[in-house]
Amino acid sequence: MASIVVSQEEFNRFHTIDRELYTLLVINLFRDPAESMQVMGMWLWLEQKGFYNVVKKMLSLPHFLINELADEAVICLKFLTSATETPFASYDININDIPLIQCLMEKEITFKFFNDNRPNAAQEVAKIVNDVCVRALTDIMQQAIILENTRSQNHAMVLPTASFHSNIGRFGLYYGSSSGGTPDLNEVSVPPDDRTMFVTFSKGYPVFEWEVREFFTTTYGDCIESLYMQEVQPNEQSLFARIVFHSASTIDVILNGLSKAKFTINGKHVWMRKFIPKRTKSQLLQPLPNLPASLYD
């Protein structure tokens, strides 16, 4: 029986949404093209393992959440490709390292799942990358590399003016309810994203907005400019939040030289790290939409 030949155009059409997500990662969010191809391979691998419509769900999310999900995927990839003889318990990982991936999936997923699949996962992901991603995404990767080279050659950065920063709030970046207070005049020119931390909570141990505010006000004084908790239904818990501080120096105090800090609020663990949006200037001017109770519609 003669084999069926699938043209490149047909192959690309079949992987339209995969190409759309990859384009968003490497063109819109400026993520590393090679690493992002591995990330796409892992998403497709998860779909093969029964976590359906991962790519479709991600495309419905705001860009900053897609970027955070990609960061969590990189954590999983590093674990999957690590030496299988290394005991699981020896890794400095926690279930809370992938809260958004957990929220994205319709069924439970933990690091135990990745550990159980570790012996074969690296080869399976690599096969998907070689058989699917390379063929479907290489042209987009080449575009991203060309654009990055162009940006590097024309590295004349134009800094936003103070008036631009003062008007950001009118376009929706001052999300959440305001805590009041007057920002430090020295921080007026610092955009909100550079004064923002990303906070994650442990699934099954709900933390409420008043608890977060009380903790930081008691510990660091009147430091919160605005606080955004993930919007959820009454019977669900928020798994993440973003906090904009009056001063960027508050973040340095909280992290104390670390990339991630762990706190306990009323007996519940909370992890904090600096928010890294990786968005274009034009995207900064777009209002941030309200998120659904879960990460998918």
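# Group meeting talk: a walk through a predicted model

Let's start with one residue, E211: leaving aside its neighbours within four places in sequence, E211 is in contact with P206, I265, N266 and K268. Before I go on, please keep in mind that this is a predicted model. Where does E211 sit? You'll find E211 in helix 10, which covers residues 209-220. Is E211 buried or exposed? Its relative accessibility is 5%, so E211 counts as buried. Its side chain also has a partner along the backbone: it reaches the nitrogen of F208 at 2.9 Å.

Two of the residues that E211 contacts, I265 and N266, take us to our next stop. I265 belongs to strand 5, residues 261-265. That strand has two faces: A261, F263 and I265 make up the covered one, while K262 and T264 make up the uncovered one. If you have the structure open, try finding those two sets of side chains.

Strand 5 also has a partner. Strand 6, residues 268-274, runs antiparallel to strand 5, and 5 bridges join the two. To pick out a single pairing, look at T264, whose bridge partner in strand 6 is H269.

Between these strands is the turn of the hairpin, with 2 residues in it. N266 has its place there, in the loop between strand 5 and strand 6. What is special about the phi of N266? N266 is a residue other than glycine, yet its phi is positive, near 50 degrees. For background, most residues other than glycine have a negative phi. As for its surroundings, N266 has a relative accessible area of 49%, so it is partly exposed.

N266 is not alone in this. N53 is not a glycine either, and it has a positive phi of about 60 degrees. You can find N53 in the loop between helix 3 and helix 4. With a relative accessibility of 45%, N53 counts as partly exposed.

While we are on loops, let me show you Q230. Q230 lies between strand 3 (224-229) and strand 4 (240-245), in the loop that links them. Would you guess buried or exposed for Q230? Q230 has a relative accessible area of 3%, so it is buried. Its side chain reaches the backbone nitrogen of L239, at 2.9 Å.

Now let's step back for the overall picture. The protein has 12 helices and 6 strands. Of its 297 residues, 45% are buried. If you take the contacts with a separation of 6 or more, 76% of them come from residues 24 or more positions apart. On the outside, the protein exposes about 15,500 Å², and carbon and sulfur atoms supply 55% of that area.

So much for the totals; next comes the inside. The largest nonpolar core has 55 residues, and those touching the most other members are M40, M42, W43, W45, L46, M105 and F114. Which elements give two or more residues to this core? They are helix 2 (16-28), helix 3 (33-48), helix 4 (54-59), helix 5 (63-80), helix 6 (99-104), helix 7 (111-116) and helix 8 (118-153). The most comes from helix 5, which gives 11 residues. The core also draws at least three residues from each of domain 1 (8-83 + 91-152) and domain 2 (192-276).

Let's zoom in on W45, one of the residues I just named. Not counting residues up to four places away in sequence, W45 touches L80, F113, F114, N117, A121, E124, V125 and I128. Apart from this core lies another one, of 22 residues, and among them are V199, I243, I251 and I265. You have met I265 already: it is on the covered face of strand 5, and it is in contact with E211.

My last residue is D18, found in helix 2. D18 has a relative accessible area of 9%, so it is buried. What does D18 contact, leaving aside its neighbours within four places in sequence? The answer is M40, L44, V55 and L137, and M40 is one of the core residues I listed earlier. There is also a polar contact of 2.8 Å between the side chains of D18 and H15. Finally, D18 and G41 are 23 residues apart in sequence, with a C-alpha to C-alpha distance of 9.9 Å in space.

That's my tour. Thanks for listening!

Key:
Residues numbered from 1 in each chain as written. Predicted model: local features only at pLDDT ≥ 70, side-chain atom pairs only at ≥ 80, totals over all residues. Heavy atoms only, no water. Helix = DSSP H or I, 4+ residues; strand = E, 2+ residues; numbered from the N terminus. Buried < 20%, exposed > 50% of the residue type's maximum accessible area, 1.4 Å probe, protein only. Polar contact = N/O pair within 3.5 Å; in protein donor to acceptor, adjacent residues only side chain to side chain. Contact = heavy atoms within 4.5 Å. Core = buried A, V, L, I, M, F, W, Y, C linked by side-chain atoms within 4.5 Å. Domains from an automatic or database assignment. Pairing = 2+ DSSP bridges. Areas by Shrake-Rupley, 256 points an atom, 1.4 Å probe, with all protein chains shown as cover.
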